Amino acid sequence: MSSITASCYSNLILKKRESRINGVSNLQYNGLRAIETIQMPTSSAAYKPKDVKRRRIKAMASPAVSAPKRETDPKKRIVITGMGLVSVFGSDIDNFYNKLLEGQSGISLIDRFDASNYTVRFGGQIRDFSSKGYIDGKNDRRLDDCWRYCLVAGKRALNDANLDQQVLETMDKTRIGVLVGSGMGGLKVFSDGVEALVQRGYKKISPFFIPYSITNMGSALLAIDTGLMGPNYSISTACATANYCFYAAANHIRRGEADIMVAGGTEAAVTATGVGGFIACRALSQRNDEPEQASRPWDKNRDGFVIGEGSGILVMESLEHALKRGAPIIAEYLGGAVTCDAHHMTDPRADGLGVSSCIVKSLVDAGVSPEEVNYINAHATSTLAGDLAEVNAIKKVFKDTSEIKINGTKSMIGHGLGAAGGIEAIATIKAITTGWLHPTINQYNLEPQVTIDTVPNVKKQHEVNIGISNSFGFGGHNSVVVFAPYTP
């Protein structure tokens with residue numbers, strides 16, 4: 001295992017052990033800052049320099065830094081048996097990935113609302129979406145797009161896993177859960193409700209205003225439609241949401257609380273309120289004259305992210321259960337992790353410490369060493385600070401990046417916010433199963449700090465050994481999930 005991994009492990013062990021001495025902590029530290037920066041109180045009799053040295057050596061030699069081991073228990077190994085999405089390139093996964101491989105941009109001028117007076121007038125708006133066969137007409141008219149995307153992607157994922165309604169009726173549905181999150185929830189329904197209140201009074205607010213606004217409704221509606229009675233809730237950690245859901249869902253399976261979890265993210269924020277709000281945050285690219293070239297991760301001329309939308313959902317299943325029912329096994333989920341920058345509402349830590357520790361923890365959870373990873377689907381939003389902070393973090397963990405390739409899905413579809421990690425997990429798995437990496441488009445003038453192969457502008461053939469997918473959100477939320485080809 002690489003030196004950075006050992007160092008991070010040592011910090012964690014040292015912090016945990018010394019915080020328990022005499023029942024209180026006399027250490028002063030900030031997050032996972034290096035051991036050398038820990039200041040010992042000079043007046044404490046419980047601590048002496050020689051004690052610190054001995055403890056540090058002991059931590060370095062701890063079994064925690066021994067060779068990693070992957071999970072072997074078929075009850076705890078987790079495989080992906082189904083995938084479903086709604087994207088700017090449609091809902092067919094093969095077509096979606098082929099568009100990515102071609103380097104096609106899905107970014108266009110917004111026509112869902114009048115954006116003519118907005119300083120940003122483009123995004124990854126989904127067009128020609130159809131929920132026919134998935135949602136009945138009455139509900140379809142009432143639902144926010146956020147939940148329409150969720151229901152279609154979720155049911156498509158279940159069908160992909162050979163779990164249509166007829167099959168589900170034969171199974172113990174208390175052992176199948178749903179965990180689909182959203183960063184924004186039913187934003188259009190919420191905005192319409194506020195508008196009704198302001199213009200016509202509270203009596204004109206729709207009775208669906210609250211239910212179709214709150215972020216847990218995606219998981220709830222999918223369970224109501226399918227009868228799935230296992231663990232059911234949502235997580236909302238901004239743009240890290242979907243990965244948080246995968247991580248939590250996997251742990252439900254590992255703890256024996258479920259055999260199958262339907263997990264991912266959904267979002268529909270290409271609305272007047274959503275676009276206006278991100279303009280106010282000064283987060284969006286303003287390249288209105290060339291929207292297809294606006295999302296350009298790691299390029300010197302990037303000027304912000306491009307808002308997108310959609311849904312990406314995986315069926316995660318214990319290997320034992322999948323084999324028992326003869327399920328199609330697409331790939332394996334090895335592990336994941338979540339951390340917090342504890343730094344700023346919207347800006348990442350410049351040193352990448354929250355992200356690097358998250359990557360390390362995800363590899364520990366997965367039972368793999370950094371040297372085994374050769375593909376990263378990066379968060380890569382095309383923001384000035386975020387892109388370089390992520391690269392700095394990657395370099396901290398992976399000392400030799402000569403065999404690693406990274407790419408940015410958002411360069412073509414925009415930033416799907418709470419759905420981004422779900423859609424990008426599917427892109428990561430397709431890279432594993434096809435042996436082809438989609439390009440990061442709009443790479444014309446790469447930042448000199450980016451010395452890793454970003455698959456610029458043209459797809460590349462690449463056999464993925466271990467792939468990780470990064471997602472980070474406002475508030476400093478970091479998440480990393482680890483996938484690999486399935487081997488019996």
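Contact means heavy atoms within 4.5 Å. This is a predicted model: local features need pLDDT of at least 70, side-chain atom pairs count only at pLDDT 80 or more, and totals for chains, interfaces and linings use all residues. Residues are numbered from 1 along each chain as its sequence is written, and side-chain values use heavy atoms, without hydrogens and water.

**View 1. Helix 3 meets helix 15.** Helix 3 spans residues 93-102 and helix 15 spans residues 420-434. Helices are DSSP runs (H or I, at least four residues), strands likewise (E, at least two), numbered from the N terminus. The two axes come within 11 Å and cross at roughly 85°. Helix 3 and helix 15 are therefore roughly perpendicular (65 to 115 degrees). Ile-93, Asp-94, Phe-96, Tyr-97 and Leu-100 of helix 3 touch Ile-423, Ile-426, Ala-427, Lys-430, Ala-431 and Thr-434 of helix 15.

**View 2. Helix 5 packs with helix 8.** Helix 5 (residues 145-160) and helix 8 (residues 217-226) have axes 9 Å apart, at an angle of about 50°. That makes helix 5 oblique to helix 8; oblique covers angles that are not under 35, over 145 or 65 to 115 degrees. Trp-147, Cys-150 and Leu-151 are among the contact residues of helix 5, and Met-217, Gly-218 and Leu-221 among those of helix 8.

**View 3. Asp-453 in its loop.** Asp-453 lies between strand 11 (436-437) and strand 12 (460-461). Asp-453 is buried (under 20% relative accessible area, 1.4 Å probe, protein chains only), at 19%. Its side chain makes a polar contact (N or O atoms within 3.5 Å, one able to donate a hydrogen and the other to accept it) with the side chain of Lys-405, at 2.8 Å. Beyond neighbours within four places in sequence, Asp-453 contacts Ile-404, Lys-405, Ile-406 and Lys-460.

Definitions and conventions:
Axes fitted to C-alpha atoms, helices over the stretch in contact; angles between N-to-C directions. Buried < 20%, exposed > 50% of the residue type's maximum accessible area, 1.4 Å probe, protein only.
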